Amino acid sequence: MSDVLTAPVKIKIITTITQQDTEPEKFELWSEGTIMQKKDQIYLRYEEVQEDQHRNTTLRFGQKDAVIIRNGDIKMRMPFVLGQARKGHYNSNYGQIPIVTLTKEMKFEPSESIQNGRFYVQYELLVGEQSVGDYCLELNYTEGN
């Protein structure tokens, strides 16, 4: 048996954004993708489609760190290490914008099966040294077809 397992999954993504002096905004997205386990790291790959934008997203995570990589209409790299600020980048029509994530909470709750679990990260996002808000990202994944 190889040390790499791959399986189809259904993914529910809940993003909550809280900006200063505003009510939290909650977004929910469903997607299908694949999950792969390589040693103690999980790789979730899925496509996000919002309005006319398509993004291929890879989320790599374990117990200590995580990174979101997006390709497509939007390119982005956003790293997470609990209790630390990490530099990433976001490519927009205006060029590459440096971003910083300050990870406040991160949980990975696997189940017996590779195809079921939950990943949660809460972080502050800084663009140009200015906070643009607190973000909560929760991914619940279950066995796909």
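## Chat about Ser-31 and the β3–β4–β5 strands

Analyst: Let me open with a turn: in the hairpin of β3 and β4, Glu-51 takes a positive phi near 55 degrees, and the hairpin has 2 residues between the strands. Keep in mind that this is a predicted model.

User: Thanks! Which way do β3 and β4 run, and how many bridges join them?

Analyst: They run antiparallel, with 9 bridges joining β3 (residues 41-50) to β4 (residues 53-61).

User: Can you give me a pair there? What is the bridge partner of Arg-45 in β4?

Analyst: Sure, Arg-45 has Thr-58 as its bridge partner in β4.

User: And after β4, how many residues does the hairpin to β5 go through?

Analyst: The hairpin from β4 to β5 goes through 3 residues. Strand β5 covers residues 65-72 and runs antiparallel to β4, with 7 bridges between them. One of the pairings puts Arg-55 opposite Gly-72 in β5.

User: Switching topic: where is Ser-31, and is Ser-31 buried or exposed?

Analyst: Ser-31 sits in strand β2, which spans residues 25-38. Its relative accessible area is 11%, so Ser-31 counts as buried, the cut-off being under 20%.

User: What lies 2.8 Å from a polar atom of the Ser-31 side chain?

Analyst: That would be the backbone oxygen of Glu-47.

User: Which residues does Ser-31 touch, leaving out those up to four places away in sequence?

Analyst: Glu-47 again, along with Tyr-46, Val-9, Lys-10 and Ile-11.

Note on methods
Residues numbered from 1 in each chain as written. Predicted model: local features only at pLDDT ≥ 70, side-chain atom pairs only at ≥ 80, totals over all residues. Heavy atoms only, no water. Helix = DSSP H or I, 4+ residues; strand = E, 2+ residues; numbered from the N terminus. Buried < 20%, exposed > 50% of the residue type's maximum accessible area, 1.4 Å probe, protein only. Polar contact = N/O pair within 3.5 Å; in protein donor to acceptor, adjacent residues only side chain to side chain. Contact = heavy atoms within 4.5 Å. Pairing = 2+ DSSP bridges.
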